Amino acid sequence: MHLDSRVAIVTGAASGIGAAIARAFVREGALVGVADLDLVAAEKVVAEMRSGGGQAVAVQMDVTDEQQVSRGVDAVVTAFGGIDILVSNAGFQHLDTIADVSFENWKRILAVHLDGGFLTTRVCLRHMYRQGRGGAIILMGSVHSKEASVSKGPYVVAKHGLLGLCRTVAKEGAAHGVRANLICPGFVRTPLVEKQIPELAARMGISEEQLISDVILRATVDGEFTTDTDIAEVAVFLAAFSSTALTGQSINVSHGWSMG
Ligand code: NAD
């Protein structure tokens, strides 16, 4: 197994991509903290993993709250004896143009993605530095870490910011054997995207089918959605990589939607 006895915490792991990553980590032998705003949903994911023989704990955490982040990571460290891997994945989408978005919504999306990425990374780095056994920080970016789309301005800005966080942590973490990388998914049919499809179609005055073929998948090489399994496999690869040769990178997993 690629992650035998490594301890991981995955935020936003009660749903979609985060849940797929948590399941893949458990399959690979990791001990996993399933952190989410939604504790009931996180507990369901944990119960399912435990019924298959996996080791996991559910952690209630709002990634924008400094104390909850500290307490949540500490709970995983206490349960499993340390922390080796962070996947900072919690997020949401908000559709608005820059001209229309309220300051409140702008701050909300930056808080979850950027404050959340920073707070979870900082507390995990402190544990990793103290433990002295290296570690892997994986941040969930997006094709929107490198590209822009209309009506997604706050999300685009936040996801670009995570690229800067990743590169900085790669440089600072190297002396401690800590690697940092960013995964940049294309469209994955999670609840985040399912909610967006009718909203975007209505904004553009086209059908949902047209939106999918002419907008969402148009720039892919093969007209296919990326899957949560695709992202989970890349997360396992990044988490398990054995040297700092692979650090500070941003990896597109998008059927060619973005090649930059
Ligand atoms: P999702 O809605 O299925 O899951 C997101 C999870 O994050 C939910 O369980 C939610 O409760 C949790 N969450 C939200 N705010 C939180 C907070 N403040 N604290 C803790 N947990 C919180 O969405 P998803 O599609 O699986 O998205 C996961 C990540 O992947 C996000 O960062 C998203 O931006 C990114 N992403 C998704 C896609 C896609 O197409 N689905 C593409 C690129 C990037």
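**Entry 1: the two domains**

I started with the spacing: the C-alpha centres of domain 1 and domain 2 lie 25 Å apart. Note to self: this is a predicted model. Next I looked up where the split falls. Domain 1 covers 7–188 + 226–253, and domain 2 is 189–224. I then checked who takes part in the contact, and found 13 residues from domain 1 and eleven residues from domain 2.

**Entry 2: the area between them**

How much area is buried between domain 1 and domain 2? I got about 1100 Å², with carbon and sulfur atoms giving 62% of that. I also wanted to know which residues of domain 1 lose the most area to domain 2. They are L95, F187 and V188, and together they make up 53% of what the domain 1 side buries.

**Entry 3: polar and charged bits**

I went looking for salt bridges between domain 1 and domain 2, and the count is one. I also looked at the side chains of D96 and R203, which meet in a salt bridge at 3.6 Å, N to O. For polar contact, I noted three residue pairs across the interface. Then I sorted the domain 1 side that touches domain 2 by class: five residues are nonpolar, six are polar and two are charged.

**Entry 4: the ligand**

Time for the ligand. I found 28 residues around it. Which of them come nearest? My list reads S15, D36, Y155, V188 and T190.

I then picked out some short distances to ligand oxygen atoms. An N or O atom in the side chain of Y155 sits 2.6 Å from one. For V188, a backbone N or O atom is 2.7 Å from a ligand oxygen. For I17, a polar backbone atom is 2.8 Å from a ligand oxygen.

Last lookup: how much of the ligand does the protein cover? On its own the ligand has 830 Å² of accessible area, and the protein covers 91% of that.

I noticed V188 turning up twice: among the residues of domain 1 that lose the most area to domain 2, and again among those that come nearest the ligand.

How values were computed. Residues numbered from 1 in each chain as written. Predicted model: local features only at pLDDT ≥ 70, side-chain atom pairs only at ≥ 80, totals over all residues. Heavy atoms only, no water. Domains from an automatic or database assignment. Contact = heavy atoms within 4.5 Å. Buried area = accessible area lost by both parts, 1.4 Å probe. Salt bridge = Lys/Arg side-chain N within 4 Å of Asp/Glu carboxyl O. Polar contact = N/O pair within 3.5 Å; in protein donor to acceptor, adjacent residues only side chain to side chain. Nonpolar A, V, L, I, M, F, W, Y, C, P; charged D, E, K, R; others polar. Near = heavy atom within 4 Å. Areas by Shrake-Rupley, 256 points an atom, 1.4 Å probe, with all protein chains shown as cover.
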